[in-house]
Amino acid sequence: MTRGPASEFERLLNDSLDGSLSPEDAAALERAITSDPDCAKQAEAQHEIDERLRRLFDPPECPGLEAAPVKRHLTGWGRFVAVAAGILLIVGVAYISWPASDGPGYAPPPSAGELHQAQLDAGFRPLWICEDEAEFREYTQLRLGIALRVEPTPGVELVGWTTRGGRYGMPGEQILLARVDGQPVVVLVSRGQIGPEPRDLPSEQIRPKRRQVDEIVLWELGPGESAAVIGGFEVAPVPESPNSPRMPSSEDGDEREQGASLGGSPQ
Amino acid sequence: MARTRAAQPGTQAPRGRQLDRDAFVGLYQDAYRTLWCVAAGVLGSRNAADDVVQDAAMTAMERLDQFELDSDFTAWMAQIVRFTALNRGRREQVRRAQSFESGGPEPTDEPASEASPVLSNGRLRRDQDAFDDVVVAALDTLDDTARACLLLRTVMDQPYRRIALTLGIPEGTAMSHVHRARARLRTALVEARGGVGAGARKEGDR
């Protein structure tokens, strides 16, 4: 069976894009483009499409390692309100100045002072604001895996959440921005025993205070001698919601048919 | 200068020990850009891809004991990313339907901000550029696997074997998805420019 001219041109074009074009085929593709206006039009369109796709879908660096501005999309968060709607200046100072890592791709945690200062440099602006306790509970359940609430305390204002500037910028490690008597306070909230432990105390003004609630490790970075924010943290019950994010389950029949599994793929 | 490492698709987990949290973080960082493309492909937009990958990572961290050390980390994570993105898409559909039924506002067509190239619903702004508009509209006509294949091939320049492994599909299927997607996007663009000719027939006509 022989290919038609259009089909043959398409094969040549795809081979060219895939880097598998033989010298003979390269010559044939060149002839097709120079002799057939439609082929020329197709080739030009393809190159423009590829260029646009690379620009429109250029993946960002892994959060926590980049210093580039980002804008977060928040409509999927239901009742969460985005107040940092514009382009956010993202914390990069701490990462840039970090010393050598203990392994490829790893970065040591920033110091308490560095992390606190980085948030100030970024304008102390959150990525998310929880307007009420329910939103706070939903956010912590989704991001940390454990629903939390904070007992209101006079003089303490919860500004909002961010994920940038932490140890890895990883899920499960969130940063809560707060003000205590008007002074900015940064709270590192991490699930697990490791926690983003501040590695030194570079500033007398920033004193880390630690508390653990269930599996959640809290570090409050602020000027006070005693904790003002993290003392009010406690685990909150989470009401069942049909729209709550869920894990893949055996009910996902369409996925099961495709052999998807969380157990790993054979190499 | 920030110390970042180029993504290395298909990073193998360290052998001889359990995949712990620190090892996971390193592998996750390596695979992030690939996983982001998978998320963007499934979602059909770039804007929620960050959240989906992060949520998937949280899921994965809770299930590290299910990861087989001899398996491909990126493929394992990509499956979780895909599930997460599909679930998010379903939730979003329900939310929009409920909003519509209750007389709420239609899904947003307003720009998220004046400077943003994306709408608040995660789609690219229709008026951003006529060319982008055509590309995005044509992408919408592809299924999620085809979009992911196209992005991994075009944006990440990954070989078909790697794409197939990441997405859990045969190599030939990955190639076929990419070739058909290219043809569809070309057709859409050429038609939009009013240049329909012999070379701009729909793929099914060939």
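**Exercise 1. Burial along α2(B)**

Task: In this predicted model, which residues of α2(B) are buried?

Solution:
- Start with the roll call. The buried residues of α2(B) are B:Ala49, B:Asp50, B:Asp51, B:Val52, B:Val53, B:Gln54, B:Asp55, B:Ala56, B:Ala57, B:Met58, B:Thr59 and B:Ala60.
- Set that against the length. Twelve of the 13 residues are buried, and α2(B) is mostly covered.
- Now check the geometry. Helix α2 of chain B covers residues 49–61, which should span 18 Å at 1.5 Å a residue. Its end C-alpha atoms are 18 Å apart, so the span agrees.

**Exercise 2. The two chains**

Task: What elements make up chain A, and what elements make up chain B?

Solution:
- Chain A has seven helices and seven strands.
- Read chain A from the N terminus: α-α-α-α-α-α-β-β-β-β-β-β-β-α.
- Chain B has seven helices and zero strands. From the N terminus, chain B runs α-α-α-α-α-α-α.
- Next, burial. In chain A, 39% of the 267 residues count as buried. In chain B, 48% of the 206 residues do.
- Last, contact range. Take contacts between residues at least 6 apart in sequence. In chain A, 54% of these join residues at least 24 apart. In chain B, 61% of these join residues at least 24 apart.

**Exercise 3. A helix pair inside chain B**

Task: At what angle do α5 and α6 of chain B pack, and which residues meet?

Solution:
- Locate the helices. α5(B) spans residues 144–154, and α6(B) spans residues 160–167.
- Take the angle and the distance. The helices pack at about 140 degrees, with axes 10 Å apart.
- Name the arrangement. Angles over 145 degrees would count as roughly antiparallel. α5(B) and α6(B) are therefore oblique to each other.
- Give the hand. The crossing of α5(B) past α6(B) is right-handed.
- List the contact. From α5(B) come B:Thr145, B:Ala148, B:Cys149, B:Leu152 and B:Arg153; from α6(B) come B:Ile163, B:Thr166 and B:Leu167.
- Sort by class. The contact of α5(B) with α6(B) has five nonpolar, two polar and one charged residues.
- Look at the spacing. Residues three or four places apart in an α-helix point the same way, because there are 3.6 residues a turn.

**Exercise 4. A helix pair across the chains**

Task: Where do α3(A) and α7(B) meet, and at roughly what angle do their axes cross?

Solution:
- Begin with α7(B). This helix has 22 residues, 171–192. From first C-alpha to last, α7(B) reaches 32 Å, close to the 32 Å expected at 1.5 Å a residue.
- Note what follows. B:Gly194, just after α7(B), takes a positive phi of about 75 degrees.
- Bring in the partner. Helix α3 of chain A covers residues 37–56. The axes of α3(A) and α7(B) come within 9 Å and cross at roughly 110 degrees.
- Classify. That angle makes α3(A) roughly perpendicular to α7(B).
- List the contact. On α3(A) are A:Lys41, A:Gln42, A:Ala45, A:Gln46 and A:Ile49; on α7(B) are B:Arg182, B:Leu185, B:Arg186, B:Leu189 and B:Val190.
- Sort by class. The contact of α3(A) with α7(B) has five nonpolar, two polar and three charged residues.

**Exercise 5. Positive phi outside glycine**

Task: Where do A:Asp181 and B:Asp157 lie, and what phi does each take?

Solution:
- Recall the background. Most residues other than glycine have a negative phi.
- Take A:Asp181. Its phi is near 50 degrees, a positive value. A:Asp181 sits in the loop between β3 (173–180) and β4 (183–191) of chain A.
- Take B:Asp157. Its phi is positive too, about 55 degrees. B:Asp157 belongs to the loop between α5 and α6 of chain B.
- Judge exposure. A:Asp181 has 13 other C-beta atoms within 10 Å, so it is partly exposed. B:Asp157 has 11, so it is exposed. The cut-off for exposed is 12 or fewer.

**Exercise 6. Two residues of chain A**

Task: A:Leu188, buried or exposed? How many C-beta atoms lie within 10 Å of A:Ala28?

Solution:
- A:Leu188 is in strand β4 of chain A. With 26 other C-beta atoms within 10 Å, A:Leu188 is buried.
- A:Leu177 is eleven residues from A:Leu188 in sequence and 8.9 Å away, C-alpha to C-alpha.
- A:Ala28 lies in helix α2 (residues 23–35) of chain A. A:Ala28 has 16 other C-beta atoms within 10 Å, so it is partly exposed.
- A:Phe9 is 19 residues from A:Ala28 in sequence and 8.6 Å away in space, C-alpha to C-alpha.

Notes. Residues are numbered from 1 along each chain as its sequence is written. Chains are lettered from A and ligands numbered from 1 in the order in which they are written. This is a predicted model: local features need pLDDT of at least 70, side-chain atom pairs count only at pLDDT 80 or more; totals for chains, interfaces and linings use all residues. Helices (H or I, at least four residues) and strands (E, at least two) are DSSP runs, numbered from the N terminus. A residue is buried if 20 or more other C-beta atoms lie within 10 Å of its own, exposed if 12 or fewer, and partly exposed in between; C-beta atoms are placed from the backbone. Two residues are in contact if their C-beta atoms, placed from the backbone, lie within 7 Å. The expected span of a helix is 1.5 Å times one less than its number of residues. Axes are lines fitted to C-alpha atoms, for helices over the stretch in contact, and angles run from 0 to 180 degrees between N-to-C directions. Angles under 35 degrees count as roughly parallel, over 145 as roughly antiparallel, 65 to 115 as roughly perpendicular and the rest as oblique. A crossing is left-handed if the near helix is turned anticlockwise from the far one by less than a right angle, and right-handed if clockwise. Ala, Val, Leu, Ile, Met, Phe, Trp, Tyr, Cys and Pro count as nonpolar, Asp, Glu, Lys and Arg as charged, and the others, Gly among them, as polar.
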